[in-house]
Each structure stands twice: as C-alpha cells, then as structure tokens.
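Work through these exercises with the structure open. Try each task before you read its solution.

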Amino acid sequence: MNHTTRHAVHPEDFKSYGTQKLREHFLMENLFVQDSIEVVYTLYDRLIVGGVNPVTKSVKLDTFPTLRSENFLDRREIGIINVGPEASVTVEGTEYTLAPKEALYIGKGVKEVVFHPANTGEAKFYFNSAPAHHTYPTKKVSLAEAETVEMGALENSNHRTIRKVLINSVVESCQLQMGVTELKTGSVWNTMPAHTHDRRMEAYFYFELPEDQMVCHFLGEPQETRHIWVKNNEAVLSPPWSIHSGAGTSNYTFIWGMAGENLDYNDMDKFPITDLK
Ligand SMILES: O=C(O)C(=O)C[C@H](O)C(=O)CO
Ligand SMILES: [Zn+2]
C-alpha cells in the first residue's frame, strides 16, 4: 500500500495558488497501481480516497501508519465502487461480486477486506472511507437499487443521470455518501448550477473519459474560482467552501463521495450561473 496525506487549505491562501500548487493540494493522480492499494489520507473530514488494481493477485486492505489501528476499518467505514469489469471483494470470507459501477458499503469493525482480480480485463475499485463511531451492516448496492434522478438538459450541455448508491435512503452509514453520475452523449457539464455545502467536503473521481480527452474541473469559492485539468481515472478534492463542477471535452462518468456534518444530500447552496467569477 502507498499512502500520502493532504492537509486542509484555507480559502484565503487558496486565492494565491498557481497551477502547480493547486494540483499538489487537490488533484489525485495515479490511483491505480498494479497489485497495490493507493491511498490519499485527507484532512477534510479525514476522508480517505483510494484505488485498488488487483491484476496478478488478490490484494488485502491493510492498515497504514497514519491510522494507528490494527485494521483499516477498526474506526472507519468504507464505500467501494467497481470502476472496472465485473470483479469481486471478499469481506471476512463472504464474497461479493460487483458488476461495473456496483457499490459495496462495509461498516466499522470488519477485519478483513480482500479485492480480487477480474476474470476478464483489469479489476479497478475506487473507494472513499470516513471515520465511523457505529457499525452498520455490510451491503451491496446495484445501480437499480440506487436513488436515481435525471438532471439538466442537452440544450444546456448538462443532461445527466445521478445515481445515489450509498445514500441514507438506500444504505445506513455514519457519514459517508457516494454516487455515480453519468453524462449523456453530447452533454459535458456536471453540477451546474454549481453549489457548495459547508457541512460536507466532497471528492470527485472521473472515469469513462476517453484517454485523449480531459475534464476541466472548477473549484474555489463561487466568486474566486480556479480550474484543474483532470484526466481519466483521476480524482479532485473539494473543501466544504468550494464549488465542484466540471466541463469535459467529451462526456464521461464520475463518482462523488462526501463526509461531514450531515447525511442530507439536498443540503446544498446553489449559485446562479451568472454570479460565478
Ligand atoms: O452532476 C451533479 O450535479 C452531481 O452529481 C452533483 C453531486 O452529486 C454533488 O455534488 C453532491 O453534493
Ligand atoms: Zn456537492
């Protein structure tokens, strides 16, 4: 397992950041390394962002020094979404086969989680993990079980399907929420009108983006926005004071994950498009 730490940034300092510093603090590249688990430990609600790419062998979710716990999930919960071909995850001996984009919630206290290679193609799992003080049961969630909403319109280049897979109407969790948003062909804008939610931080992971295309991801306070160019299979952190919205040079899919003060997806402050700066 390889792990790095991201410290929290003050919005006043953020205003002075150039391209390199923005990328160092907010962009998460190289989340998939063969037969390894890549972990970014953030100081935003202590959310962990991770990627697993088991190819030649199964890979166990080990603890790492920052956690100072015997097992990764001793004081945490985790949400895993399959971003590769069908592949399975074993949780204390029970195997869960995940079709593409299916999700698995695993509660606090589980001692053993193992990610397995796919039968066809390269398995890839993306995960978010947050501190937890209560144990909720492990649950697999299919896309059909997700709370699904259609948003936007092709005329505004933002027609998309938001699937809330790990959300409190579908699965019990302490603070973690995750979902999968798919842009329709011809639509490129996500999360517009943009919003913030001071009560929760968020991370976006972009995938199903052609290798020669990119997403221009916008972040910052609504009247002090900056951008980061993001490639396929890369993630971006969004502090609670920041908008998180992107426009791709093609359509794409992304996973959003949140942790913080509440579990209320609709608790967000939307900004009129014409107020953005
Ligand atoms: O396309 C969207 O809009 C989203 O998917 C928005 C995210 O779900 C989000 O930002 C939740 O806070
Ligand atoms: Zn949001």
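**Exercise 1.** Which residues does E202 touch, not counting residues up to four places away in sequence?

*Solution.* The model is predicted. Start with the place of E202: strand β18. Then list its contacts beyond the four-place limit: S238, H244, W256, G257 and M258. Next, count its surroundings. A residue is buried if 20 or more other C-beta atoms lie within 10 Å of its own. E202 has 27, so E202 is buried.

**Exercise 2.** Find where UniProt places the feature "binding site", and decide whether these positions are gathered or scattered.

*Solution.* The record, an unreviewed entry, gives H195, H197, E202 and H244. They span 50 residues in sequence. Now check space: no two of their C-alpha atoms are more than 11.4 Å apart, so the positions gather at one spot.

**Exercise 3.** Describe the setting of H195: its element, its exposure and its contacts.

*Solution.* H195 belongs to strand β17. Within 10 Å it has 16 other C-beta atoms. Partly exposed residues fall between the limits of 12 and 20, so H195 is partly exposed. Leaving out residues up to four places away in sequence, H195 touches I243, M268, D269, K270 and F271.

**Exercise 4.** List the residues around ligand 1, then sort the shell by class.

*Solution.* The residues around ligand 1 are M151, R160, I162, G179, T181, N190, T191, H197, E202, H244, W256 and M268. Two elements, β14 (160-166) and β15 (177-183), give two or more residues to this shell. By class, the shell holds four nonpolar, six polar and two charged residues.

**Exercise 5.** Locate E208 and work out how it relates to G179.

*Solution.* E208 sits in the loop between β18 (200-207) and β19 (215-220). It has 17 other C-beta atoms within 10 Å, so E208 is partly exposed. Beyond four places in sequence, E208 touches Y252 and T253. From E208 to G179 is 29 residues in sequence. In space, their C-alpha atoms are 15 Å apart.

**Exercise 6.** Pick out backbone features at N30, E92 and P193.

*Solution.* Take N30 first. Its phi is positive, about 50°, although N30 is not a glycine. N30 lies in the loop between β2 (27-28) and β3 (37-42). With 10 other C-beta atoms within 10 Å, N30 is exposed.

Turn to E92. Its phi is near 45°, again a positive value in a residue other than glycine. E92 lies in the loop between β7 (87-91) and β8 (94-98). E92 is exposed, with 12 other C-beta atoms within 10 Å.

Finish with P193. A cis peptide bond joins M192 and P193, with omega about 5°. P193 is in the loop between β16 (189-190) and β17 (195-196).

**Exercise 7.** What radius of gyration would a compact globule of 277 residues have, and what does the chain have?

*Solution.* The globule value is near 19 Å. The chain has 18 Å, which agrees. Along its principal axes, the C-alpha trace spans about 55 × 35 × 35 Å. Buried residues make up 44% of the chain. Of the contacts with a separation of 6 or more, 72% join residues 24 or more positions apart. The secondary structure comes to two helices and 24 strands.

Notes:
Residues are numbered from 1 along each chain as its sequence is written. Chains are lettered from A and ligands numbered from 1 in the order in which they are written. This is a predicted model: local features need pLDDT of at least 70, side-chain atom pairs count only at pLDDT 80 or more; totals for chains, interfaces and linings use all residues. A residue is near a molecule or strand if its C-beta atom, placed from the backbone, lies within 6 Å of it. Helices (H or I, at least four residues) and strands (E, at least two) are DSSP runs, numbered from the N terminus. Ala, Val, Leu, Ile, Met, Phe, Trp, Tyr, Cys and Pro count as nonpolar, Asp, Glu, Lys and Arg as charged, and the others, Gly among them, as polar. The radius of gyration is taken over C-alpha atoms; the globule rule is 2.2 Å times the number of residues to the power 0.38. Two residues are in contact if their C-beta atoms, placed from the backbone, lie within 7 Å. UniProt positions are given in the numbering used here, feature names are shortened, and annotations may be inferred rather than shown by experiment.
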